[in-house]
Every structure is written in C-alpha cells, then in structure tokens.
Amino acid sequence: MPKGLFRGGIHPPENKERTATLRTVVAQRPSKVAVLLHQGSNCPLTPTVAKGDHVRMGQKVADTEEKWGVPAHSPVSGKIDSIGLVRTASGAQDQAIFIVPDEEDVLDESCVPVDNVFSRPPEELIAMIREAGIVGMGGAEFPTHIKLSLPPKVEVDTLLLNGAECEPYLTADHRLMVERPRDIIRGAQILMRAIGVMRTRIGIEDNKPDAIHAMRDAAVSAAGIEVVPVKTRYPQGSEKHLIKSVLGREVPPGCLPFSVGVVVSNVGTAAAVADRFDRGLPLIERIVTVTGSAVASPANLIAKIGTPASELIEACGGFVGEPGKIIFGGPMMGMAVPSADVPTGRGTSGILVMSREESAVFEEMPCIKCGQCVDACPMRLEPAFLHQWSEAGLWDEAEAYHAMDCIECGVCTYVCPSRRNLVQAIKRAKFEISARRRAARERGGK
Ligand code: SF4
Ligand code: SF4
C-alpha cells in the first residue's frame, strides 16, 4: 500500500472549486437562533435561563450533570423568546431555546482568556474544554473532553489532527487552515498538553496545496508538530483511515484510536480550543460551506450556531431554480434535512443544496453480484450480504458479517451499478444490533 493511502475507497468529483478560494465572510446577524437542548452526545440539557431573560453572547444557557454532556451557550446577546420544540436535522422535534438577538453583541463576563495555560494540570484544561461546549467539529459532535479523558493505563504518543476534508463540495476546514493556521497550531499545543504527548501530525489531502503550505509555515517553529500530505481519496477523513495513511497503524475492528496510541481531533476543534483559551470564547460559531448547484453564490460563512439554514442560503443569494434536496454536511455522509428552517448545529460543516434533477430517486435493481461494493469498501466488509441480512431482518447474520464495523461512508452505494441502497440497509442493521446489545445489557446478559 503506497504511503498516504488505504485499501478501497473512491475518488468522486470534488466539486470544491466554487468555494475553495473564497475567503470566509461573517454571516449577517440571524433573526433568531435555536440553541438545541439535545445535542450530538445525546444527553438532554436543562435550561439555566427562562423566557424573557436577557442573555449575553457566550453566556451559558443550558447544562447537564451527565458525564458525556457539554453545556450550550448563547451565540448572541439578546432576549430569550421561548423554550419549545424545533424540527432538527434528523426530522425529529426537539427542545430548543429560541433567542432573538439585539444589536449589541455584548460578550458575557465569563468569557475571559486563560493565562499560564501550559503550567495548568491536564485535568483542568480538559474541564475548561468541556465547560466551553467543545465537541468534534468534523460532523459527529463527539464531546472533546471525553476523547481527551483516556481510560486508566492507556498510553498515547500522538495527536492526529484531521485536515483531510475528503467530502466533496465542503471547503470549511480548507479555508480555516488557509486563514487561521496559527490558531490551529496553538489549539494542537493545548490538546497535546491535555493528553500528555509531544508529537502531533496533521493529515491534509493533497488537493489543498495552499492549506498544506499555510499549515507548514505556521508549524515551522512548533516543536513536535508536522504536516503530512495524504492522497486525495474518499474516505481519507475517517479516523481509522487517516491513522493508517499518516502513521501506518491499523486500528483493530471494534477498537478506538487510543488502542494504537492515537487521539484524533478535527482542525476545527483545535481552532475552537484556541478560541477558548486565547479569546475566552465558548463554541458559539463556526465556518459553514453553503454550496451546491441550486445556490446562487456559494460561500464559506462564519455563522452563529443555531442560525436557520434558510438565512445562510439567503445570504448566498438564495436558491437558483427549484431546490431538490438540502443536505447538512457533504453528499456522501451528510443528512438530508426536512426543511430549510432547520437550525445549524456545532457539527454543521456545510449546507449543500442540490437541484431537483440531481435529487432524483433511482429504483433499486437486483444485485448482479459484480463485487464492486466489496472491492471499494474501505472497511473490507461485504455490503451486498449485509444488505441481504438487513432486508431479511437477520440481525445475527449481519452482526457476524461485522455490520458494526461499517463507518457509513456510502462508498458501496456510490459504486453499485444496480443503485442498491446498501448503506441505508446497513445503518438499519447497526441500529437493530445496538438495540439488541443494549437490551441484553439491561437484562444483565452479555
Ligand atoms: S459497508 Fe459501510 S464502510 Fe463499507 S463501503 Fe459501505 S458504507 Fe462504507
Ligand atoms: S455493487 Fe451492487 S450489484 Fe454489485 S455486488 Fe454489490 S450490491 Fe450487488
């Protein structure tokens, strides 16, 4: 296997050219933001404010005592309009705090930079990262403080920053690396202190030479930090594949990156950490790539988290023609949202609007046993069989064929000439297997 690569995967059209060279622009003040009370970690938050309260930008408005949860902060200064239901990206209704901004953008007094960062104990840094509401900004929204709190006796030697951004269309991380490389390096240094390692590698796909150059320049005097260009191949940004490409280490099935001595974090997460320590800011805004053939003027916007997608699309000139599908994230792993009113979240790296023609639904044809899905699967699974077991509700068979190792990258569906909905069927199998495992645990079984 050549260096910087892994087995399988695909190289779909990149479609990044419309936004890759555009500087980020601060989005206009939203008319209203929705702070979700049920976030990526799945821990419901309890509001610490009430209807009618005035809040300041960066003020904590909801929290939880659950270990996995992180608090939420107001992205704006303004007034709590209501606390009620909102339709989220998944299509479900969830509780949210609705805040109407004022014109002032007053920062809360709790938002102060941290001094003597490198003489503070790692546990204190990790607690501050949690308190700032920082989660993985690559899309999954995994709580960063959990990732950094390694189990006893686990030893890691490397922080791996993920700057691959392998999803077509998306250029949010690309622009971040070009425009704020020093903040990413600073965030990496704080993360290194938090997990006790002396070495960071930053994996960036080789279709972003300007980002590689900017990051190398910023890292030149940073001890232990090196940029490693990797081949442009989807899903290079998957944790396990980036570890293989950059470090040559294989994460065994069912194991996490720390099992091979690595903690992986997105470049956006590193910048958010720097923002917390150097500017005092919790995670209240992020770069969102608004793009697709049905958007008039695609752009990378610095947007308040909780802004309705419709307002960001409007800031990009609105729709061109009739939109077919609005996706949060990229076309491979993103989620089609039920309406343009859905608020963005901490993991919303892109809003992709496809035309009606591009969104056509194809009829599934019978499997012709061509094996293309098996050849392309980067996890070496057998997607055709997994689809078969899932359709038949044979969850034991799906588990035996390692359904739980599927990273839901969508490669099998992309290559299938019979247009079979392989990844959807495998997601269903994973859901059922997880439910069965949970039920067994609750019964006191295995
Ligand atoms: S089976 Fe899962 S991991 Fe393999 S290609 Fe399909 S979606 Fe990706
Ligand atoms: S790629 Fe499609 S048609 Fe070919 S083996 Fe896989 S499921 Fe069957």
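Helices and strands here are DSSP runs, numbered from the N terminus, with at least four residues for a helix and at least two for a strand. With those labels in hand, we can walk through this predicted model.

Let us start at Tyr 169, which sits in the loop between β9 (158-163) and α3 (172-179). Its backbone has a positive phi of about 75°, although Tyr 169 is not a glycine. Further along the chain comes another backbone feature to look at: the peptide bond from Tyr 234 to Pro 235 is cis, with omega near 0°. Pro 235 belongs to the loop between β11 (225-230) and α6 (239-247).

Now step back to the domains. The chain is divided into domain 1, covering 123-279, and domain 2, covering 372-442. Their C-alpha centres are 28 Å apart. Where the two meet, 8 residues of domain 1 are in contact with 7 residues of domain 2. Together the domains bury about 510 Å² between them, with 64% of that area on carbon and sulfur atoms. Which residues of domain 1 lose the most area to domain 2? They are Tyr 234, Pro 235 and His 241, which together make up 60% of what that side buries. You have already met Tyr 234 and Pro 235, as the two residues joined by the cis peptide bond.

What kinds of contact cross this interface? Between domain 1 and domain 2 there are 2 residue pairs in polar contact, while the number of salt bridges across the interface is 0. On the side of domain 1 that touches domain 2, the residues divide into 3 nonpolar, 3 polar and 2 charged.

Salt bridges do appear in the model, with a count of 27. Side chains of opposite charge can pair when their charged atoms come close. One such pair is Glu 103 and Arg 29, whose closest N and O atoms are 3.8 Å apart. This pair links distant parts of the chain, 74 residues apart: Glu 103 lies in the loop between β8 (93-101) and α1 (122-131), and Arg 29 in the loop between β1 (25-26) and β2 (33-36).

Our last stop is ligand 2. Among the residues around it are Cys 367, Cys 370, Cys 373 and Cys 416. The shell also includes Ile 368, Lys 369, Gly 371, Pro 417 and Arg 420. By type, the residues of this shell divide into 8 nonpolar, 2 polar and 2 charged.

Terms used: Residues numbered from 1 in each chain as written. Chains lettered and ligands numbered in written order. Predicted model: local features only at pLDDT ≥ 70, side-chain atom pairs only at ≥ 80, totals over all residues. Heavy atoms only, no water. Domains from an automatic or database assignment. Contact = heavy atoms within 4.5 Å. Buried area = accessible area lost by both parts, 1.4 Å probe. Salt bridge = Lys/Arg side-chain N within 4 Å of Asp/Glu carboxyl O. Polar contact = N/O pair within 3.5 Å; in protein donor to acceptor, adjacent residues only side chain to side chain. Nonpolar A, V, L, I, M, F, W, Y, C, P; charged D, E, K, R; others polar. Near = heavy atom within 4 Å.
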